[in-house]
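Student: Please take one part of this model and look at it closely, then follow the thread outward to the rest of the fold. I would like a careful, connected account, with each term pinned down as it comes up.

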Amino acid sequence: KMFISSNHTINKFVLLGLAESPDVQLLLFGVFLLIYVFTLLGNVGMMTLVRTDPHLHNTPMYFFLHHLSFTDACYSTVIMPNMLVSFISRNKNISFAGCVTQLYSFVFFGIVECYLLAIMAYDRYAAVCSPLRYVVVLPRTVCIWLVSTSYLLGFLYAAIYTSCTFGGPFCNSNVINHFFCDIGPLLKLSCSDRFLREKVIFAFISLNGISTSGIILISYLYILSAILRMHSVQSRSKAFNTCASHLMVISLFYGTGFFMYLQPSTSHNGLDKVAAVFYTLVTPLLNPIIYSLRNREVKEAFMKHMK
């Protein structure tokens with residue numbers, strides 16, 4: 001469906017991107033191509049390792065990591081290829097249908113990522129604080145149910161956000177001041193009263209963000225409490241470093257996400273693009289490094305397969 005403004009139909013949008021200078025665009029193309037390649041290598045490599053190693057495949061933590069890697073690979077792919085093409089072709093157009101699809105897919109994988117991060121925080125809490133009950137607390141059926149619920153919630157919330165964003169006519173301008181079709185920049189182009197739609201989006205983002213980040217925060221507080229009770233200084237230091245790296249990436253993802261979405265569309269400015277780069281492109285690159293490649297079991301499985 002296309003939305004009609006005062007005197008014409010909008011059938012495409014123009015994404016301004018990150019820079020206008022051809023030289024800067026060429027430099028950005030090289031940088032983001034490297035980020036995308038390493039993102040795919042890290043996440044697809046992690047998925048392959050978990051699928052092929054029986055020990056990793058049957059452990060709840062790596063079952064969740066497999067789905068996080070899948071989500072990150074898709075999350076990055078929703079945005080990156082189109083942006084890379086625009087850098088070298090100078091064609092910044094995206095069709096109306098393409099914009100709807102990109103927004104829906106981006107929100108879907110973003111919501112799934114939030115719930116997977118919360119599930120993984122609870123998984124770590126169960127493993128550290130109740131190691132003897134770990135297998136009982138998280139059997140395979142519960143793991144499958146938790147992941148399936150994450151995808152279902154992503155599907156439902158993405159439909160709500162997308163329908164609210166495209167739920168009214170757009171003004172004469174079809175220029176989006178961003179590098180992908182996102183909620184805030186699109187709402188700024190809306191002609192109709194967007195107050196109610198913004199409130200619905202704000203309410204659901206608050207619900208998702210506060211509930212999942214709350215689970216993560218509480219889980220890691222319990223984990224840190226258990227770490228402080230450890231007798232071995234070496235074990236305590238190693239566990240603390242692991243938790244700190246997890247929390248660093250989670251804080252980057254949630255901090256930039258909250259900055260972007262928990263403000264009215266009229267308040268958005270040039271910092272939005274910088275924030276968006278972190279939660280859309282940097283965190284999918286860092287997740288396999290922080291959660292997987294620094295893990296002893298993953299390293300052992302990787303070396304075994306290399307041999």
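Tutor: Helix α4 is largely enclosed by the rest of the structure, because 25 of its 34 residues are buried (buried means under 20% relative accessible area, exposed over 50%, and partly exposed in between, with a 1.4 Å probe and protein chains only). The model is a predicted one, in which local features need pLDDT of at least 70 and side-chain atom pairs count only at pLDDT 80 or more, whereas totals for chains, interfaces and linings use all residues. Residues are numbered from 1 along each chain as its sequence is written, and side-chain values use heavy atoms, with hydrogens and water left out. Helices (DSSP runs of H or I, at least four residues) and strands (runs of E, at least two) are numbered from the N terminus.

Helix α4 covers residues 96–129, and its end C-alpha atoms lie 50 Å apart, which agrees with the 50 Å that its 34 residues should span at 1.5 Å a residue; the expected span is 1.5 Å times one less than the number of residues. Helix α6, with 26 residues, reaches 37 Å from its first C-alpha to its last, close to the 38 Å expected at 1.5 Å a residue.

Helix α4 is also part of what covers the buried residues of α6, a cover that includes α3 (60–89), α7 (183–187) and α8 (195–228) as well. The buried residues of α6 include C143, L146, V147, S150, Y151, G154, Y157 and A158. Of these, S150 deserves a closer look. It sits in α6, which runs over residues 140–165, and it counts as buried because its relative accessibility is 2%. Leaving out residues up to four places away in sequence, S150 touches V112, Y115, L116 and I119, where contact means heavy atoms within 4.5 Å. The side chain of S150 also reaches the backbone oxygen of L146 at 3.0 Å.

S148 belongs to α6 as well, but with 41% relative accessibility it counts as partly exposed. Its C-alpha atom is separated by 23 Å from that of I218, which is 70 residues away along the chain. Beyond the helix, C171 lies in the loop between α6 and β3 (175–176), and at 29% relative accessibility it too counts as partly exposed. The C-alpha atoms of C171 and K188 are 9.2 Å apart, with their positions 17 residues apart along the chain.

Elsewhere in the model, helix α1 (residues 22–52) packs with helix α11 (residues 296–306) at an angle of about 80°, their axes being 11 Å apart; axes are lines fitted to C-alpha atoms, for helices over the stretch in contact, and angles run from 0 to 180 degrees between N-to-C directions. That angle makes α1 roughly perpendicular to α11 (under 35 degrees counts as roughly parallel, over 145 as roughly antiparallel, 65 to 115 as roughly perpendicular and the rest as oblique). M46, L49 and T52 of α1 meet V298, A301, F302 and H305 of α11 in this contact.

Two of those residues, L49 and A301, recur among the contacts of L56, which also touches V50, Y62, F63 and E297 once neighbours within four places in sequence are set aside. L56 is found in helix α2 (residues 54–57), and at 1% relative accessibility it counts as buried.

A last buried site is H246, which is placed in helix α9 (residues 233–261) and has 5% relative accessibility. Apart from neighbours within four places in sequence, H246 is in contact with Y220, I290 and Y291.

Note on methods
A polar contact is a pair of N or O atoms within 3.5 Å; within protein, one must be able to donate a hydrogen and the other to accept it, and residues adjacent in sequence count only if both atoms are side-chain atoms.
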